[in-house]
Amino acid sequence: MSPAPVFPEGFLWGAATAAHQIEGSPLADGAGPSIWTRFAHTPGMMLNGDTGDVACDHYHRWKDDVKLMRELGLKAYRFSVSWSRILPEGTGRVNQAGLDFYSNLVDELLANGIEPLLTLYHWDLPAALDDRGGWLNPDIADWFAEYARVLYRALDGRVKKWVTLNEPWVVTDGGYLHGALAPGHRSKFEAPIASHNLMRAHGAAVKAYREIGQHEIGLVVNIEPKYPASDSAQDAAAVRRAHAYMNEQYLHPALLGHYPPELKEIFGEAWPEWPAEDYDLIQQKLDFVGINYYTRSVTKAAESYPLNTGVVRQPLGTYTETGWEVFPQGLTDLLLWFKQTYGDLPVYITENGAAFFDPPTADVDETGQRRVRDPLRIDYLRKHLGAIHDAIQAGVDIRGYMLWSFLDNLEWSLGYSKRFGMVHVNYGTQERTPKDSARWYSQVIQSHGRKL
Ligand SMILES: OC[C@@H]1[C@@H](O)[C@H](O)[C@@H](O)c2nc(CNc3ccccc3)cn21
């Protein structure tokens, strides 16, 4: 019987959400529309025609949600701010009601002993800025820094852990290359420009923080280990491309000051040569990196655009509702790679979780209590926390874990069809029901990881 895992003193146990996925009321109290409000109201973009107009109604239910976080024993809560609630036109006029919403949320979290981790950008760009070119306009680095300064001045000190961007890879790959996510562009020429401007904006926001803020700021990336489907040279080259495109494309410029060479190979004529001063702007010193981990990819050479790679489904693998293989070892491997490649920068696991089938309404157990049984999610979480512990034992400086997600929520263009929450949401009544995984996670937190 292996000894109970011991997580480091101060390890931060929390859960995560994002504004557009839970808040609803996207235009309330002077807020401007975001590209996701626009995208969701464009016919054919969202499964079942779902929108974020109501979502989990967190915009009105935030106090009860924070109370539930406390009851479940969360020590931290990662959330994002909707840029267009703060600056309805993206720049210029500040909407005080929007700022008040997040200020009140932060105060309520602190009053309940929960540390806020604030993400400045989790995909919901103000529509007004998209009309000015959005991430394709180099001015967006200044626009983003202007927005960040408003929040730094209002919240720094109460918020002590800031994140600039959530997953620039998804913003670019989904929003500009393949078009599955807002703003729905499909261009190999636009993708590198959006990607680079995202990183310039990240750098500008960190630079602004160093002038105003007194605490910590970092970047959140989604990365996943790429394993070759065979020992062929073609598959090894495919792994190299896929690894560079997802795992190195953002961490390299942010931490090493250059892009991986494979990007020029992947994008060819569509890969611009960037001026040296851009790399100086991007490579601002960070206090931590957030890693979002969900799965791995067994990768082969294949006809595909633009990577010429494919993912091989594992016949004996276990898969989630989003078609992602459950592979906890990949998280340990990834964390060891991160340490080896980028050194001892502190790491938070800022998202980890899984969508398995949960019923639209909670059951009622023999005591008359609402209940949602989710053993597959408990197994997923237990194994991934074990993988994190293995990496900690191997010397990786992992400071915390934010379970994705606190609530069932809007899974972007998949609408409400996928449930990632530790807390079930009945979208008909907005009733919240802690799933068995939430009860289990409470015990994990209370035992500081010993009761995995
Ligand atoms: O899909 C689950 C979550 C999503 O709800 C979060 O808003 C987002 O931060 C998030 N990122 C990933 C990482 N992987 C990913 C891969 C392809 C498309 C979208 C996300 C998963 N998730």
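**Close-up views of the ligand site and cavities**

**View 1. Polar contacts between the ligand and side chains.** In this predicted model, a polar atom in the side chain of Glu411 is placed 2.6 Å from an oxygen atom of the ligand. The protein covers 85% of the 470 Å² of accessible area that the ligand has on its own. His122 also reaches the ligand, with a polar side-chain atom lying 2.9 Å from one of the ligand's oxygen atoms, and for Trp404 the distance from a side-chain N or O atom to an oxygen atom of the ligand is 3.3 Å.

**View 2. The shell of residues around the ligand.** There are 14 residues around the ligand, and those that come nearest are Gln21, His122, Glu167, Glu351 and Glu411. Sorted by class, this shell consists of seven nonpolar, four polar and three charged residues. The ligand takes up the space of the largest pocket.

**View 3. The largest cavity.** Two cavities of 30 Å³ or more are found when the whole structure is searched, and the largest cavity holds about 100 Å³ of space. This largest cavity is lined by 14 residues, of which His20, Glu23, Pro26, Ser82 and Arg85 are the closest to its centre.

**View 4. Confidence of the prediction.** The chain has a mean pLDDT of 97, with 100% of its residues at 70 or more, while the model as a whole scores ipTM 0.98 and pTM 0.98.

Note on methods
Residues are numbered from 1 along each chain as its sequence is written. This is a predicted model: local features need pLDDT of at least 70, side-chain atom pairs count only at pLDDT 80 or more; totals for chains, interfaces and linings use all residues. Side-chain values use heavy atoms; hydrogens and water are left out. A residue is near a molecule or strand if one of its heavy atoms lies within 4 Å of it. A polar contact is a pair of N or O atoms within 3.5 Å; within protein, one must be able to donate a hydrogen and the other to accept it, and residues adjacent in sequence count only if both atoms are side-chain atoms. Accessible areas come from the Shrake-Rupley method with a 1.4 Å probe; for residues, only the protein chains shown count as cover. On a 1 Å grid over the protein atoms alone, a cavity is a set of points where a 1.4 Å probe fits but cannot get out, and a pocket is an open set with protein on both sides within 12 Å along at least five of seven lines; lining residues have an atom within 4 Å of a point. A molecule sits in a cavity or pocket if more than half of its atoms lie within 2 Å of its grid points. Ala, Val, Leu, Ile, Met, Phe, Trp, Tyr, Cys and Pro count as nonpolar, Asp, Glu, Lys and Arg as charged, and the others, Gly among them, as polar. pLDDT is the predictor's confidence in each residue, from 0 to 100. Grid points are joined across faces, edges and corners, and a volume is the space filled by probe spheres set on the points.
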